[in-house]
Amino acid sequence: MATLKEPKTLLDNAYLSKGTIGNVGMPGAPVAYFSLVVSPEQGTVSGIVEILQAIDRPNIKVNVAGKLRHTGYGDITQIITIQGEYVVSMPPPAIGSYLEKFEAYLDVDNSWNGTGGFSFGFQKINDVPVKSSNL
């Protein structure tokens, strides 16, 4: 008689990936720090991105979600796209706030190192390093 096995859950294969998108150490360059839960079987990612800038602005935190695609060839083995929105408050004397879009792409190897870019507000940063801080 065969024994029944407990079915796998989505969390069995999910993992956490952390790192940066941008020129870390370059004066004035915005850098996006990501912390993403990755589900390779489902091809999805979700998590938080924080954008730090050297200029006098508050840091931007964005909840993001996106897709993971496996390329199957070469050094770039994964392509990740993520999107999200964050609230921007109007400076005085204006009153109110609005939603701004964030988008990013990462072309990385299995260790999450490669190149990518991101956009937020009117800024677009392309072809910058993606560096993993995964253990």
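1. Let's start with one term: two strands pair if DSSP finds at least two bridges between them. Strand 4 and strand 5 (residues 78–89) clear that bar, since 8 bridges join them and they run antiparallel. Keep in mind as you read on that this is a predicted model.

2. Now the overall picture. The protein has 0 helices and 8 strands, and read along the sequence the pattern is simply β-β-β-β-β-β-β-β. Those strands make a closed barrel of 8, running 1-2-3-4-5-6-7-8 with antiparallel pairing. On average, neighbouring strands of this sheet are turned by 25° against each other, direction ignored. If you wonder what holds strands side by side in general, strands of a sheet pair through backbone hydrogen bonds, either parallel or antiparallel.

3. A few totals for the whole protein. Of its 135 residues, 32% are buried. The accessible surface comes to about 8,900 Å², and 57% of that belongs to carbon and sulfur atoms. Take the contacts between residues at least 6 apart in sequence: 34% of them join residues at least 24 apart.

4. Walk along the barrel from its start. Strand 1 (residues 15–21) and strand 2 (residues 31–39) are joined by 7 bridges and run antiparallel. To find the spot on screen, look for serine 17, which stands opposite leucine 36 in strand 2. Next, 9 bridges join strand 2 to strand 3 (residues 44–52), again antiparallel. Here serine 39 faces threonine 44 in strand 3. The hairpin of strand 2 and strand 3 has 4 residues between the strands, and glycine 43 takes a positive phi near 70° there.

5. Strand 4 (residues 60–70) is home to valine 64. Is valine 64 buried or exposed? Its relative accessible area is 5%, so valine 64 is buried. Leaving out residues up to four places away in sequence, valine 64 touches Leu36, Ser46, Gly47, Ile48, Val49, Ile82, Gln83, Gly84 and Phe102. Phenylalanine 34 is 30 residues from valine 64 in sequence, with 9.4 Å between their C-alpha atoms. For the pairing with strand 5, a handy marker is glycine 66, which stands opposite isoleucine 82.

6. How many salt bridges does a search of the whole structure find? The count is 1. The partners are glutamate 85 and lysine 101, whose closest N and O atoms are 3.9 Å apart. This pair links distant parts of the chain, with glutamate 85 in strand 5 and lysine 101 in strand 6, 16 residues apart. What about their exposure? Glutamate 85 has a relative accessible area of 43%, so it counts as partly exposed. Lysine 101 counts as exposed because its relative accessibility is 53%, and the cut-off for exposed is over 50%.

7. Glutamate 100 deserves a point of its own. You'll find glutamate 100 in strand 6 (residues 97–108). Glutamate 100 is buried and yet has no salt bridge. Which side chain of opposite charge is nearest to glutamate 100? That is lysine 101, 8.4 Å away. A general remark helps you look at a strand like this: in a regular strand the side chains alternate between the two faces of the sheet. Setting aside neighbours within four places in sequence, glutamate 100 is in contact with Gly84, Glu85, Tyr86, Val88 and Gly121.

8. Next come strand 6 and strand 7, which pair in the antiparallel sense over 7 bridges. In this pairing glutamate 103 stands opposite serine 119 in strand 7. Their hairpin has 5 residues between the strands, and tryptophan 112 takes a positive phi near 70° in it. Strand 7 (residues 114–120) is mostly covered, with 5 of its 7 residues buried.

9. Last stop: strand 7 and strand 8, an antiparallel pair with 6 bridges. Glycine 116 stands opposite valine 128 in strand 8. The hairpin between strand 7 and strand 8 has 2 residues between the strands, and glycine 121 takes a positive phi near 55°. Glutamine 123 sits in strand 8 (residues 123–132). With 25% relative accessibility, glutamine 123 counts as partly exposed. Glutamine 123 and proline 30 are 93 residues apart in sequence, and their C-alpha atoms are 9.3 Å apart in space.

Definitions and conventions:
Residues numbered from 1 in each chain as written. Predicted model: local features only at pLDDT ≥ 70, side-chain atom pairs only at ≥ 80, totals over all residues. Heavy atoms only, no water. Buried < 20%, exposed > 50% of the residue type's maximum accessible area, 1.4 Å probe, protein only. Lys, Arg positive; Asp, Glu negative; His and termini not counted. Salt bridge = Lys/Arg side-chain N within 4 Å of Asp/Glu carboxyl O. Contact = heavy atoms within 4.5 Å. Areas by Shrake-Rupley, 256 points an atom, 1.4 Å probe, with all protein chains shown as cover. Axes fitted to C-alpha atoms, helices over the stretch in contact; angles between N-to-C directions.
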